[in-house]
Structure formats: C-alpha cells, structure tokens
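Biologist: Could you take me through one part of this model up close? I'd like to hear about a single strand, what sits beside it and how the chain gets in and out.

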Amino acid sequence: MKTLSPMRTRVKFCGLTRSDDIKRAVMLGADALGFVMWPKSARSITLEQLETLSGEVPAFVTRVGLFVDQSVDVIQQCLPYLDMIQFHGDESPAFCAQFGRPWIKALRMRDDIDLSQAVVDYHQAQALLLDAYRPGTPGGTGEVFDWSRIPAKLAKPVILAGGLTVDNIASAVHQVAPYAVDVSGGIEAAHGRKDVEKMTLFIQQVALADAR
Ligand SMILES: O=C(O)c1ccccc1NCC(=O)[C@H](O)[C@H](O)COP(=O)(O)O
C-alpha cells in the first residue's frame, strides 16, 4: 500500500513591488505572492501597480492583497486583481468575511493573545498568519517571536511569519511545522526590492527542512 508523503510547507513571499522579483519568485516555486496595499508601508504599491503586477502572476500562484484597517471601497477596488485577502489590522471577523473572497487573518503575537479564541472568532478564515508584535507597527517588522508559544495543535492552518530568514527558516519549519511560511524582509536587498540569492536560498532551505 502507498504511504502518503509528508506535506510540503507552502511559501508565501510578501511585499513584492517589481516585475523581475515576481518572475523570479514564480520560477523558484513560491506558492503565494503578497502585495502590500496599505499606503503607509515602504513596500506599498498603488492600484495601478497592482493591476500590472498581478497580471504577471501565472495560474496556480496565489495573489494575496494585504490591508490594514482600510475601507470596504479600497479593498473592493483591488479585488479584480487578487485571489485572496490578508487582513493585518483590527478587522472583525464580519468585516473580513464580507468580500466573498478567501481570506487570512494576521495575528500579532502580543503577550496576552488568546489563539484558541482567535480560532473560534476567525473560523471563516482559510488560515491564521502569526506574526511578531511590535506596538504601532502592523507588520513587516523583521522580528521573530517565540515560536514555542504556538500550540502544537491549532484548529486552523498556521502561516508562520515574522523575521524569517535564510538562517532561521529550517529551524522554524522543524520546530513549528507550519502549513506555510511568510517572509518579506528576510529576502530583501532593500525595502520592496527582493534579493535573488536570498529568495533562492530561502526556498531551498524550506525544501531541505521538509525532506529531513
Ligand atoms: O511589509 C509591510 O510593510 C507591512 C506593513 C503593514 C502590514 C503588514 C506588512 N507586511 C506583512 C508581511 O510582509 C508579512 O506578512 C509579515 O509581517 C512578515 O514580515 P517580515 O518580518 O519582514 O518577514
């Protein structure tokens, strides 16, 4: 009888702003690409850029739009160019669920966070993205949180984020065994500009960790 092989850890690259980076990420096998639509971010892109860049993403690579407490109108304008929405602010479950599009909720790992309750509250989310908490910064901090705080069994797929790099990604995959990993700063040459070597090594490290 055939045995099922262990699941492959999915990889999402976030904060893409350039065509060349998208082509390289797709070639390397990234599963999802994140576009930051929050204008206060150094990695943000405009609606016009989103239209262009999303057109360069081929089938079976998920285009994820990232928002932080933004209006329904702003999000709806972006929907034609997105497969999935990532909410990074204090959006309620009802707010997230109103767009008729798959979505994930980013949760910043404050000391007092109750992940079991979050799973209940955000049960309609396709996954929960767990990220580092820095007061006043909704995401993309480049900071790691204590992965041992993630319960071994959480009733939602976990996307691990926050300060992942070529150097720590293998340990992260081993320790947490997340459904997916999400990286932005760790594969950059500068804000919004990805580094080919870091992207390549990151994907390789995930594959190596999965194979161990
Ligand atoms: O990247 C940003 O500037 C950003 C701003 C506001 C909300 C979220 C943002 N980024 C989210 C991500 O890139 C990732 O989902 C995650 O935070 C990991 O980022 P990093 O620690 O840089 O790998």
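**Around helix H7 and strand E2**

Modeller: Sure, and I'll come to the strand by way of a helix. This is a predicted model, with a mean pLDDT of 95 for the chain and 97% of residues at 70 or more. For the complex, the predictor gives an ipTM of 0.96 and a pTM of 0.95.

Start with what the buried residues of helix H7 pack against: strand E1 (10–14), helix H1 (19–28), helix H6 (169–176), strand E8 (180–183) and strand E10 (193–194). H7 itself covers residues 196–211, so to speak 16 residues in a row, and spans 23 Å from first C-alpha to last, close to the 22 Å expected at 1.5 Å a residue. Its buried residues are Met199, Phe202, Ile203, Gln205 and Val206. They lie on the same side of H7, because the arc they cover around the axis is only 155 degrees. Over on the other side of H7, you'll find Glu197, Leu208 and Ala211 exposed.

Two of those packing partners, E1 and H1, lead us to your strand. The chain leaves E1, passes through H1 and arrives at E2, making a right-handed β-α-β crossover. On the way, Asp20 sits in H1. Asp20 counts as exposed because it has 11 C-beta neighbours inside 10 Å, and a residue needs 12 or fewer for that label. Its C-alpha is 9.5 Å from that of Val196, although the two are 176 residues apart along the chain.

Now E2, residues 32–36: 5 of its 5 residues are buried, so the strand is largely enclosed by the rest of the structure. In a regular strand, side chains alternate between the two faces of the sheet. Here both faces are covered, with Ala32, Gly34 and Val36 buried on one side and Leu33 and Phe35 buried on the other.

E2 has strand partners too. E1 runs parallel to E2, joined by 3 bridges, and Leu33 in E2 is the bridge partner of Phe13. Strand E3 (residues 62–67) also pairs with E2 in the parallel sense, over 5 bridges. In that pairing, Phe35 stands opposite Gly65 in E3. To get from E2 to E3, the chain goes through helix H2 (residues 47–54), and this β-α-β crossover is right-handed as well.

So, putting your strand in place: E2 is buried at 5 of its 5 residues, pairs with E3 and is bridged to E1, while E1 in turn is among the elements that the buried residues of H7 pack against.

Technical notes
Residues are numbered from 1 along each chain as its sequence is written. This is a predicted model: local features need pLDDT of at least 70, side-chain atom pairs count only at pLDDT 80 or more; totals for chains, interfaces and linings use all residues. pLDDT is the predictor's confidence in each residue, from 0 to 100. Helices (H or I, at least four residues) and strands (E, at least two) are DSSP runs, numbered from the N terminus. The expected span of a helix is 1.5 Å times one less than its number of residues. A residue is buried if 20 or more other C-beta atoms lie within 10 Å of its own, exposed if 12 or fewer, and partly exposed in between; C-beta atoms are placed from the backbone. The arc is that of the directions from the helix axis to the C-beta atoms. Two residues are in contact if their C-beta atoms, placed from the backbone, lie within 7 Å. Two strands pair if DSSP finds at least two bridges between them. A crossover is right-handed if, with the strands pointing away from the viewer, the path from the first strand over the helix to the second runs clockwise.
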